[in-house]
Amino acid sequence: MEGQNKSITFDGREIRLTTGLYAPQANGSVMIECGDTSLLVTATKTSKKEVSDFLPLICDYEEKLYAAGRIPGGFMRREGRPPERATLISRLIDRPMRPLFPSWMRDEIQIVASCLSLDERVPADVLAVTGASIATLLGEIPFYGPMAAVRVGLIGDDFILNPSYREIEKGDLDIVVAGSPDGIVMIEAGANQLSEQDTIEAIDFGYEAVTELIKSQEDLLKDLGIKQIKPSDPEEDKTLFSYLEKNCTKPIDLILKKFDQSKEERDLELEKIKLDVQSKIDSLKEDNQLRLLTSENDKLIHSDFKKLTKKLMRSQIINDGKRVDGRDLDEVRKISAKAGILPKRVHGSALFQRGLTQVLSTTTLGTPSDAQEMDDLNPSTEKTYLHHYNFPPYSVGETRPMRTPGRREIGHGALAERAIIPVLPGKETFPYVLRVVSEVLSSNGSTSMGSVCGSTLSLLDAGVPLKAPVSGTAMGLIKDEKEVRILTDIQGIEDFLGDMDFKVAGTEKGITALQMDMKITGLSVSIISDAIKKARPARLHILEKMQQAIDKPQESLSPHAPRLLSFRIDPELIGTVIGPGGRTIKGITERTNTKIDIEDGGIVTIASHDGAAAEEAQKIIEGLTRKVHEGEIFTGVVTRIIPIGAFVEILPGKEGMVHISQLSEARVERVEDVVRQGDDVTVRVREIDSRGRINLTLRGVTQNGGMSYPEPTPTPVAPLN
């Protein structure tokens, strides 16, 4: 077996490509490697099985835990359902690839990227996206590529290309830019309240690198003697479209200009026109060609009717500057927002509505043990903020079986999650695990940004001290030759028939998340820059409406939320708190009816619905970890009597022994002659032996009868930042 090896030098790194060796029955395949990260990416095309009006493209990213030298958990000990991050990478591949296939293509295409080895310094996702383009080109599948993707990070004031996982965590920006020769086709970003200008510069920086990778792919094809298939539109019979254009243009145009009608009314009237023209075509006898076309495929009428509606809607926006609901291009729909709409058994809740898009968001406060364990290739092993997005069929007036969340739901939840994370409080000040669920009750465009807005309101209602509130809006685009119109706060029909869906979320200070998807083969950085800048006044307008509903966190948590206390102990004393076989910490939890979590760094979190019980547990742990010094005096309780002495609890959970010889200046025959169990006594620390045992004495100590536990000042430890 022999293959051909090529390499691309990029940003000081070598990307190695092996072609013609792996997966010989796929149309195209490439092993793409950088460092110790290796991915096999294949592209396969098969003839269409049935007539459809869309491209049946499937993109899958597969993670194998052997890539990181790990064995899967669970009973089966093998990979099962893809983890959430793998699903998100599958979407990351699909989104820039889909617009680069010809609109007329109906063959089934599947791209599979399998991560076979993972180097923590080289994330696999952007390699998978670039590999998808290479495999498609090698398979000689019609494609408006090449396409490539890079990640841009920001460390200090410097942009860096394709940062490692650790650099991503340290930086203020994580943005993936994918592009074609025609421009940028996809953006996915999370940022730490980055300014619009810095974000635009990062996108420009990323696209410059993308053009280098595009040129490298063109050189690769030339070296291999492969001629790229440049798609050309096939000749299509326009008889049906011409008939629809002649008979339906005027009534469709009238409907699109009825600015006071609802979405439901508009949809019903458009459907009525389509059914009327379909019945007329069915009754035609003189035009055999038209009847033959429609009888061959009923979907043609739907497709061409949609094409005509799209043409008329776009013309109205380009020429008249008016949208189907009468709004100006930069106008946001009517907004309403309300926090605390559910009983406080739900720790936080809010309802956000923009136009006909309505989202109910809820917040649940959990303990550290509620964090989600991640069983995938990413180095981070847990998540403490979870955002789940649900899109039931009734939200668009449809009926269908309700199943587990699909890729779209997972993707929208991840976007909202990314938008909120930069403003969450540190776990040292607010140690709760947070879960937000956004239920889309009604959808007419931009539900993911509605989820961001609803989540902010819900978190504040739950008492979460956010650094700043976050709002979001979706920007659209109509591009016709040289004419370009950017739309603010797009609704469903504008997303469906437009060229771009660009979601921008952020605070008053700056951007926290971006997601851009295209239906055309690319946009210039200048147009994208214009869209980002126009999104800012819309975001701030929405933010103002949100703050009228709730502008700061609730001062008290729900009475049904757990109470958490968080403090730090010396990490070397963690074993003391846990005790042999966990007996000590188990005893504390049983005694106080609390839940206790201890991190490796020494952060202790105590959870309880009873604040007094949590404080008691904290007092016990601080007593266990407080260092006792010779000569200190404590007043404590006699807990046990033995023939040679008495044990006294000088601090919660910490005992010392008074030997019988130290009970009095005089000789003592029996311990009970001086003290009994339950007595309060004042003692001095005589010594701490080599095994850490505390020896006490009553000799020379003035007794303060009836005195309760003292409140000694704990030995200082590192403060929580």
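This passage describes the overall make-up of a predicted protein model, and then its salt bridges, a hairpin and a patch of surface charge.

The protein comprises 721 residues, of which 52% count as buried. Its C-alpha atoms fill a box of roughly 125 × 65 × 45 Å when the extents are taken along the principal axes, and the secondary structure consists of 15 helices together with 29 strands.

Side chains of opposite charge can pair when their charged atoms come close. In the present model, 44 salt bridges are found. One of these is formed by the side chains of Arg95 and Glu188, with an N to O distance of 2.7 Å. Because Arg95 belongs to helix α1 (residues 84-97) whereas Glu188 belongs to strand β10 (residues 183-194), this pair ties together parts of the protein that are 93 residues apart in sequence. Both members of the pair, Arg95 and Glu188, are buried.

A further salt bridge is made between the side chains of Asp489 and Arg333, for which the N to O distance is 2.9 Å. Asp489 is located in the loop between β19 (483-488) and α11, and Arg333 in the loop between α8 (299-320) and β11 (335-339), so that parts 156 residues apart in sequence are tied together by this contact. As with the preceding pair, Asp489 and Arg333 are both buried.

A salt bridge also links Asp689 with Arg693, and here the closest N and O atoms are 2.7 Å apart. The two partners of this bridge fall into separate classes of accessibility: Asp689 counts as buried because its relative accessibility is 19%, under the 20% cut-off, while Arg693, at 46%, counts as partly exposed. Elsewhere, salt bridges that share partners join Arg323, Asp325, Arg327, Arg333, Arg354, Asp489 and Glu494 into one network, which thus includes the pair Asp489 and Arg333 described above.

Glu494, another member of this network, lies in helix α11 (residues 492-497). With a relative accessible area of 2%, Glu494 is buried. The C-alpha atom of Glu494 is separated by 9.8 Å from that of Asn444, although the two residues stand 50 positions apart along the chain.

Attention now turns to a hairpin and to the charged surface. Strand β7 (residues 148-155) and strand β8 (residues 158-161) run antiparallel and are joined by four bridges; in one of these pairings, Ile155 has Asp158 of β8 as its bridge partner. The two strands form a hairpin with two residues between them, and Gly156, which lies in the turn, has a positive phi of about 65 degrees.

Asp158 appears again in a patch of negative charge on the surface, where it gathers with Asp11, Asp157, Asp198, Glu201, Asp204, Glu208 and Glu212. The element that gives the most to this negative patch is helix α4 (residues 196-224), with a contribution of five residues. Among the residues of the patch, Glu208 has its place in helix α4. The relative accessibility of Glu208 is 49%, and this residue therefore counts as partly exposed, since the class of exposed residues begins over 50%.

Technical notes. Residues are numbered from 1 along each chain as its sequence is written. This is a predicted model: local features need pLDDT of at least 70, side-chain atom pairs count only at pLDDT 80 or more; totals for chains, interfaces and linings use all residues. Side-chain values use heavy atoms; hydrogens and water are left out. Patches are made of residues with over 30% relative accessible area and no salt bridge: like charges are joined within 9 Å, nonpolar side chains (Val, Leu, Ile, Met, Phe, Trp, Tyr) within 5 Å. Accessible areas come from the Shrake-Rupley method with a 1.4 Å probe; for residues, only the protein chains shown count as cover. A salt bridge is a side-chain nitrogen of Lys or Arg within 4 Å of a carboxyl oxygen of Asp or Glu. Lys and Arg count as positive and Asp and Glu as negative; His and the chain ends are not counted. The place of a charge is taken as NZ of Lys, CZ of Arg, CG of Asp or CD of Glu. Buried means under 20% relative accessible area, exposed over 50%, partly exposed in between (1.4 Å probe, protein chains only). Two strands pair if DSSP finds at least two bridges between them.
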